[in-house]
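Visitor: I'd love a close look at the interior of this one, please. Take me through whatever can be said about how it is packed.

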Amino acid sequence: MQYRSDKYGKNLSILGYGCMRFSRKGIGIDLEKTEKEVMYAINHGVNYLDTAYIYPGSEAALGQILEKNNCRDKVYIATKLPQYLIKSKKALDKYFNEQLERLKTDHIDYYLMHMLTDIAAWEKLKQLEIEEWIAEKKAQGKITNIGFSYHGNSDMFIEILKDYSWDFCQIQYNYLDEHSQAGRKGLMAAAERKIPVIIMEPLRGGKLVGLMPDSGKKLIKEHEKKWSAAEWAFRWLWNQPQVTCVLSGMNSTEMVEENIRIASECQVDEFTQDDFNFIEKVKNEINKKTKVGCTACGYCMPCPKGIDIPTTFKCYNQMYTENKKSGRNEYFQITALKKDMADLGDCIECGKCEMHCPQGLPIRKHIKDARKALTPWYRRFLIKLIRLFKFW
């Protein structure tokens with residue numbers, strides 16, 4: 001494992017464990033499987049573990065794993081204040097103390113304001129005296145580093161960056177998002193201020209790996225370097241010295257092993273011009289086919305009408321990245337054979353999903369388009385028939 005320094009000289013593993021996508025079993029996290037994967041990562045040098053208040057069961061699972069294996073002092077915990085839920089100064093302590101309890105710890109190493117989208121969200125927190133609250137928690141040793149995770153444009157990111165003495169930040173960044181969201185402009189702005197940058201969505205919710213169109217997969221398979229799709233994406237990030245740590249939502253031992261290998265072998269500035277040109281070719285193939293830029297983060301959920309929005313968009317994109325039959329069949333199986341699955345026609349266009357989407361997607365419009373593409377009249381009829389006679 002390789003390491004890069006934070007603002008104060010502490011070594012962070014360049015591969016961080018993203019805890020949002022822990023494997024699930026029934027309605028909860030598969031703790032036994034997750035423990036094996038997390039401990040393998042820790043035992044092989046991963047020391048940065050990222051979770052959040054709103055990731056279902058994630059903080060509690062991580063706390064249990066670290067306590068059971070007596071390794072809290074071997075790792076750095078990063079978690080996030082759900083700033084969008086904060087209505088009063090009193091609420092700051094309420095959520096923070098709950099997080100300490102879940103994580104079975106007395107301090108948070110890296111604490112983030114979760115999902116800031118513009119300066120207004122930060123200004124709201126300032127009105128609740130968040131700066132004084134942070135100073136108090138730091139003085140008490142309950143927070144070591146303070147930062148923010150961000151979804152918005154680069155100009156607004158830089159405004160937030162300038163407005164406070166941040167210890168670190170977290171942005172969505174990958175070769176597909178090089179010039180969107182905070183982007184390279186934001187990455188360089190943070191580096192100029194010597195602010196470490198943690199990367200989320202390095203594989204764009206699967207779009208740079210399994211959900212890549214077949215034409216892109218073919219290019220990668222035929223390339224002489226024989227790197228996997230994931231390896232190209234990670235090496236592109238670690239090629240840049242301004243990137244401190246890259247989070248990966250690992251949920252299989254194979255995934256953990258591969259990512260650790262890549263993180264041990266990669267080098268800064270190893271990419272040649274031919275490599276960059278190749279990435280552009282792959283990007284072109286992805287952009288040709290993708291209909292909805294959904295990363296399956298799940299922030300749009302739950303839908304008041306029970307629509308599984310991320311799965312819907314996954315199937316919708318699959319129609320164009322693979323083939324129509326594949327996407328339609330997967331959606332049919334999910335819709336027709338899942339007892340509690342809502343129909344896309346049930347959407348009441350309340351807009352709740354769009355309020356929370358980090359990508360700023362016009363979800364209501366995409367749902368309408370997805371319904372037309374995924375469920376032509378004969379499939380809708382068959383779904384209704386199956387659900388009417390309860391064939392499950």
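Guide: Happy to! Let's begin outside and work inwards: the accessible surface of the protein comes to about 17,600 Å², with 51% of it belonging to carbon and sulfur atoms (areas by the Shrake-Rupley method with a 1.4 Å probe; for residues, only the protein chains shown count as cover). Please keep in mind that this is a predicted model, in which local features need pLDDT of at least 70 and side-chain atom pairs count only at pLDDT 80 or more, while totals for chains, interfaces and linings use all residues. Residues are numbered from 1 along each chain as its sequence is written, and side-chain values use heavy atoms, leaving out hydrogens and water.

Of the 392 residues, 54% count as buried (under 20% relative accessible area, with exposed being over 50% and partly exposed in between; 1.4 Å probe, protein chains only). The largest nonpolar core has 88 residues, and Tyr17, Met113, Trp122, Phe148 and Trp238 touch the most other members. Such a core is a set of buried Ala, Val, Leu, Ile, Met, Phe, Trp, Tyr and Cys residues joined through side-chain atoms within 4.5 Å. Helix H9 (residues 229–238) gives the most to this core, namely eight residues; helices here are DSSP runs of H or I with at least four residues, strands are runs of E with at least two, and both are numbered from the N terminus.

Now zoom in on tryptophan 238. Leaving aside neighbours within four places in sequence, its contacts (heavy atoms within 4.5 Å) include Arg4, Ile14 and Leu15. Further along the sequence, Trp238 also touches Val243, Val246, Asn259, Ile262, Ala263, Cys266, Gln267 and Val268. Apart from the largest core lies another, of 21 residues, among them Ile307, Tyr316, Leu361 and Leu374.

As for the chain as a whole, 75% of contacts between residues at least 6 apart in sequence join residues at least 24 apart.

Two backbone details round off the tour. Methionine 115, in strand S8 (residues 108–116), has a positive phi of about 55° although it is not a glycine; this residue counts as buried because its relative accessibility is 9%. Methionine 301 and proline 302 are joined by a cis peptide bond, with omega about 0°, and Pro302 sits in the loop between helix H11 (273–289) and helix H12 (309–321).
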